[in-house]
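Me: Hi, could you walk me through this protein model? I'm new to this, so plain words please.

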Amino acid sequence: MNTNYLILGAGISGLSCAAKLRGEDYLVLERENEIGGYCRTIRQNGFVWDYAGHFFHFSNPAIQAEFSGLLHGGDSVFQKKCTKIFYNGQYIDYPFQYNIHQLEKEEFVDCLTGLYYRPAGPVCTFQEMLYAKFGAGIANKFLIPYNSKLYACNLNHLDMNAMGRFFPYAEPEEIIRGFRKHQKETYNDTFYYSSRGAEAFVQKIAENVDRSQVLCGTDVQSIDLAQKYVRTPNGTIHYQHLINTIPFPRFLQLARIQTAAAFTCNQVLVFNLGFDLPAIDPSIHWIYYPDPAVCFYRVGFYNNILRQSLMSLYVELGFPEDAHIDVSHWRETVLQDLKKTGIVKDHQLIAENSILMNPAYVHIREESNREKEIIKSALREQQVYTIGRYGDWTYCSIEDCILQAYQTIAEIRGEV
């Protein structure tokens, strides 16, 4: 089989490439039996859940226009984000660093003092950046314990800019000026969502994709970059241009590319849980948990986002990528901690499932980033492009993935 454009992966990035190639000769290979990647949706007993909490923040006018019909349709909602941090048995507004004035007096003084006695000297790692920017109080009370749970690693193993523009940086003067404000706005202060789940957005992209040119249930066995073909269980596919969106380390393995850098990540175990009663607080969209004694790092409320009656949760736990995870054990621990933190009281569980995401959050490190860019540059010389959150092994938004896909097609066509 021959094709001009061969796209590996039918997630947001791969589908966006295919949509941009509408009417042209392309083929998409997807290992799973359905499109969407991690933006897939599950339905059970009247509950609608995603693989994890995917909420859509579109700032680019062109992308907003493309999704306009969906965003303003009858089954979509537009929300101003309401997020909290559960700290020492109380809720404070997120981001933590902008809302330290909501803490008990001694905690507040500790954080404020730390802001003015920050360590000096060179900063290389993510943890060093947290101390240098925010001081010991804010770093030790929230930023380090929360992000350690999220990334499931020592934060000194991450680059200082591991979260890029997504991290809510702040200077001391800005923090103090914000004490009289209710809540500091962040990049995703508002968002869209659909009662059909994240798959509604995937289906919108797929409207411009020829489904006969998408082969689901088709895994890649090997990639020959020199001869420009990919082997699958169903045969060999020759290509002119290869666009990769599958995880970068797996792509390197399939293409037999040797690298000295380690491309690491975490795993995230997600429990989707449906209950027979409403949520205790109907206003909160999701909550962050820095306490190491609580197993999850975040809990989100689909029912509050969609204004539904019965409590519908996603609960996220982070693990190292090589950890063996006993799902049954963690299910029981999650249910215990939901009661301990006051989310569940007299609620009875009536629907549930679990999903293990691996990779989940990639570990951004200077060494691996440098090696990645060298490899990507060499691949472009062979008309091979590796893009998206996992193909590019980066931290980015869904909108970023769509824009990168469009830019890649424009680059291949010589339009940029």
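**Inside the core**

Me: Cool. What does Phe96 touch, not counting residues up to four places away in sequence?
Reply: Phe96 touches Ile85, Tyr87, Leu103, Cys111, Ile138, Lys141 and Phe142, leaving out residues up to four places away in sequence. Contact means heavy atoms within 4.5 Å. This is a predicted model: local features need pLDDT of at least 70, side-chain atom pairs count only at pLDDT 80 or more, and totals for chains, interfaces and linings use all residues. Residues are numbered from 1 along each chain as its sequence is written, and side-chain values use heavy atoms, with hydrogens and water left out.

Me: How many residues has the largest nonpolar core?
Reply: It has 84 residues, and Phe96, Ile100, Ile223, Leu242 and Phe251 have the most contacts inside it. A nonpolar core is a set of buried Ala, Val, Leu, Ile, Met, Phe, Trp, Tyr and Cys residues joined through side-chain atoms within 4.5 Å. Buried means under 20% relative accessible area, exposed over 50%, partly exposed in between (1.4 Å probe, protein chains only).

Me: Which helix gives the most to this core?
Reply: Helix H5 (residues 126–151), with twelve residues. Helices (H or I, at least four residues) and strands (E, at least two) are DSSP runs, numbered from the N terminus.

Me: Switching to Val327: where is it?
Reply: Val327 is in helix H10 (residues 327–340). Val327 is partly exposed, with a relative accessible area of 32%.

Me: And what is Val327 in contact with, leaving aside neighbours within four places in sequence?
Reply: Leu269, Phe271 and Ser354.
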